[in-house]
Structure formats: C-alpha cells, structure tokens
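Here is a small set of exercises to work through at your own pace. Have the viewer open, try each task, and then read on to the solution.

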Amino acid sequence: VCIFSVLLVWLLSRLAPLLSPKGKCFTRTAAQNTLGQVLHTVFIVIAVLVVQPLQCYEHPNAKRGMSAFPQVLCWETTEHSIMLACGAIVGALFLVPFVAACVWAMYRAPNL
C-alpha cells in the first residue's frame with residue numbers, strides 16, 4: 001500500500017506539470033505537496049480505523065465491548081481477534097512506513 005502511494009505521488013508529480021494549461025504553472029513540488037496532503041488525510045482515516053478494536057468500554061456485566069460495535073466483546077471473541085489482526089497488518093503496511101517516510105523527509109528537507 002505504501003509503495004503504491006509513493007509510486008502514485010511520483011507519477012502524478014511528473015504528469016501534473018505536463019497536463020496543466022499554459023500560463024498556469026503547476027510545478028512538480030506543488031504536485032508532491034498536494035498529494036502529500038491527501039495521503040496525510042488518508043493516514044488519519046486509516047489510523048482511526050486501526051485503533052477502533054482497542055477502544056473498548058465496560059458492560060454492566062463486567063465484560064468489555066467495542067465502542068464502534070457493542071455486540072463484539074473485546075479480547076473474547078473471534079471477531080475481535082480478526083479486527084485486531086487486520087488493524088496490526090494495516091498499521092504495519094501503511095502507518096509505520098508513512099511515518100518513516102515523513103521523518104525521512106523532515107531529515108532531508110534542510111539539505112534541499
């Protein structure tokens with residue numbers, strides 16, 4: 001997912017200046033900035049979905065249910081385990097690489 005996002009940003013940053021009308025300058029850096037903002041928005045949405053299985057509340061019978069899906073009991077049902085596994089996979093494949101790329105970009109920015 002992260003590699004696809006990087007390739008998409010790179011491709012669109014190369015195509016955007018070619019497709020912009022004459023007289024309206026759309027530079028490669030402007031395209032990269034715009035697409036970076038879009039990916040940042042997607043990052044927030046995905047981060048919220050990843051932590052949903054961890055947001056539990058206590059039932060009156062001392063069991064814990066998910067806030068988003070009260071019928072799913074936390075740490076007791078197969079559904080919750082599947083949601084945790086999916087969240088961990090998405091977090092490892094998108095969130096961690098995105099944060100790493102942002103840290104790398106901040107480190108490299110003063111040298112550009």
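The exercises below go from the overall fold to single residues.

This is a predicted model, in which local features need pLDDT of at least 70, side-chain atom pairs count only at pLDDT 80 or more, and totals for chains, interfaces and linings use all residues. Residues are numbered from 1 along each chain as its sequence is written, and side-chain values use heavy atoms, with hydrogens and water left out.

**Exercise 1. The fold**

Task: list the elements of the chain in order from the N terminus.

Solution. Start with the rule: helices (H or I, at least four residues) and strands (E, at least two) are DSSP runs, numbered from the N terminus. The chain then has three helices and two strands. Read from the N terminus, their order is α-α-β-β-α. Next, take burial, where buried means under 20% relative accessible area, exposed over 50%, and partly exposed in between (1.4 Å probe, protein chains only). Of the 112 residues, 24% are buried.

**Exercise 2. The helix α3**

Task: compare the expected span of α3 with the distance between its end C-alpha atoms, and find where α3 has a kink.

Solution. The expected span is 1.5 Å times one less than the number of residues. For the 31 residues of α3 this gives 45 Å, and the end C-alpha atoms are 44 Å apart, which agrees. Now look along the axis: α3 has a kink of about 40° centred on Gly91. The bend at a residue is the angle between axes fitted to the seven residues ending there and the seven starting there. Gly91 is also among the buried residues of α3, together with His80, Gly87, Phe94, Leu95 and Phe98.

**Exercise 3. The core**

Task: find which residues make up the largest nonpolar core.

Solution. Such a core is a set of buried Ala, Val, Leu, Ile, Met, Phe, Trp, Tyr and Cys residues joined through side-chain atoms within 4.5 Å. The largest has nine residues: Val9, Leu35, Leu39, Phe43, Ile46, Val50, Phe94, Leu95 and Phe98. Both α2 (28-51) and α3 supply at least two of them, and α2 gives the largest share, five residues. To see one link, pick Ile46 and apply the contact rule (heavy atoms within 4.5 Å). Beyond its neighbours within four places in sequence, Ile46 contacts Val90, Phe94 and Leu95.

**Exercise 4. A salt bridge**

Task: which residue forms a salt bridge with Lys63?

Solution. The test is a side-chain nitrogen of Lys or Arg within 4 Å of a carboxyl oxygen of Asp or Glu. One salt bridge meets it. The partner is Glu76, with the closest N and O atoms 3.7 Å apart. Glu76 sits in the loop between β2 (64-66) and α3 (78-108) and Lys63 in the loop between β1 (56-58) and β2, so the pair ties together parts 13 residues apart in sequence. Glu76 is partly exposed at 48% relative accessible area, and Lys63 is partly exposed at 34%.

**Exercise 5. Loop residues**

Task: is His59 buried or exposed, and what is the phi of Ala62 and of Trp75?

Solution. His59, in the loop between β1 and β2, is buried at 18% relative accessibility. Leaving out residues up to four places away in sequence, His59 touches Arg64, Gly65, Pro70 and Leu73. For the backbone, recall that most residues other than glycine have a negative phi. Ala62 has a positive phi near 75°, and Trp75 has a positive phi near 65°. Ala62 is exposed at 56%, and Trp75 is exposed at 56%.
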